[in-house]
Amino acid sequence: MGTDSRAAGLLLRRASTLHLQTGNLLNWGRLRKKCPSSHREELRDCIQKTLNEWSSQISPDLVRELPDVLECSVAHAVEKINPDEREEMKVSAKLFIVGSNSSSMRSAIEMACSALGIAQLDSVIIASPPVEDGVNLALEHLQPYWEELENLVQNKKVVAIGTSDLDKVQLEQLYQWAQVKPNSNQVNLASCCVMPPDLTAFAKEFDIQLLTHNDPKELLSESSFQEALQESLPDIRANEWVPLWVLRYSVIVKSRGIIKSKGYIIQAKRRDS
């Protein structure tokens, strides 16, 4: 482990960007924690296991190359969609912005398409972008992110786009302003056991699907990411690394409703020295 960690440490000291991909978690076998208690715990476990697996397979060629963008993945779990089966699959993603702005959204979607070997995602939901403490999420916070999603729809990288945790007023404001309308809005049942009647009525009138979710408000914090890095790779300066976004995807067989593939993709940047 020591040699692996030192090689990984050298690579991470020279790189400025880290792309971490779990591949299909259903292919992890022994790596998979059987019953993570939450999405947050599952993600942290995925980060550590991916780093451990990747660092144990670093080639001498990679160390000699010292790439600026480091691709870190669980090789045996990577699984592209068979083109002949594409029409039978629904590919959905949820994007969590952690430490970046709207400009990174395109690369997140393109990385997901590349990882799965497809041209477009069927559905993308954006988690509410981070705002300062004590500030309520307003339309102006959402607009730059939504414009990026609209561009992705217009460029045929995404078919449908949706929101998460918007109340009736926020959803109505976005709907009235947006060129590409939201087709869904996720509601966290931890914060409300019953769907608010005004939200339900608005969604029904404008054909917006209301979905439920149980993601925490903050899926991955900067400190949690750094702790996972440090525990997996003791030889690195983990506090130099900042996560920009997390994308969670799922591939579902439409006719049977079963999950064929699910995984995480994360992009992180090293702080300017």
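Where is the place of Gln 120? In this predicted model, Gln 120 sits in the loop between α4 and β4 (121-126), with helices (H or I, at least four residues) and strands (E, at least two) taken as DSSP runs numbered from the N terminus. Residues are numbered from 1 along each chain as its sequence is written, and side-chain values use heavy atoms, with hydrogens and water left out. Because the model is predicted, local features need pLDDT of at least 70 and side-chain atom pairs count only at pLDDT 80 or more, while totals for chains, interfaces and linings use all residues.

Gln 120 has a relative accessibility of 25% and so counts as partly exposed; the cut-offs are under 20% relative accessible area for buried, over 50% for exposed and in between for partly exposed (1.4 Å probe, protein chains only). Leaving aside neighbours within four places in sequence, Gln 120 is in contact with Arg 86, Cys 113, Lys 156, Lys 157, Val 158 and Val 159, contact being heavy atoms within 4.5 Å. One of these partners, Lys 156, is 36 residues away along the chain, yet the two C-alpha atoms are separated by 6.6 Å.

Arg 86, another of those partners, is found in the loop between β2 (69-73) and β3 (89-97). With a relative accessible area of 15%, Arg 86 is buried. Not counting residues up to four places away in sequence, Arg 86 touches Ile 81, Val 91, Ile 118 and Asp 122 as well as Gln 120. Arg 86 and Val 253 are 167 residues apart in sequence, with 9.5 Å from C-alpha to C-alpha.

Ser 261 belongs to strand β9 (residues 258-270) and, at 4% relative accessibility, counts as buried. Beyond residues up to four places away in sequence, Ser 261 touches Asn 24, Leu 26, Tyr 249, Ser 250 and Val 251.

Now for the helices. Helix α2 (residues 39-55) has 17 residues, so at 1.5 Å a residue it should span 24 Å, and its end C-alpha atoms are indeed 24 Å apart; the expected span is 1.5 Å times one less than the number of residues. Buried residues of α2 include Leu 43, Cys 46, Ile 47, Leu 51 and Trp 54, but also Glu 42, Asp 45 and Glu 53.

The axes of α2 and helix α8 (residues 222-232) come within 9 Å and cross at roughly 35°. α2 passes α8 in a right-handed crossing, that is, with the near helix turned clockwise from the far one by less than a right angle (anticlockwise would be left-handed). On the α2 side, Arg 44, Ile 47, Gln 48, Leu 51 and Asn 52 meet residues of α8, among them Phe 225, Ala 228 and Leu 229.

Helix α4 (residues 105-116) and helix α5 (residues 139-154) also have axes that come within 9 Å, here crossing at roughly 40°. α4 and α5 are therefore oblique to each other, given that angles under 35 degrees count as roughly parallel, over 145 as roughly antiparallel, 65 to 115 as roughly perpendicular and the rest as oblique. The crossing of α4 and α5 is right-handed. Met 105, Arg 106 and Ile 109 of α4 make the contact with Tyr 145, Glu 148, Leu 149, Asn 151 and Leu 152 of α5.

Two loop residues stand out for their backbone. Leu 66, in the loop between α3 (60-65) and β2, has a positive phi of about 45° although it is not a glycine. Asp 165, in the loop between β5 (158-164) and α6 (168-177), has a positive phi near 65°.

Technical notes:
Axes are lines fitted to C-alpha atoms, for helices over the stretch in contact, and angles run from 0 to 180 degrees between N-to-C directions.
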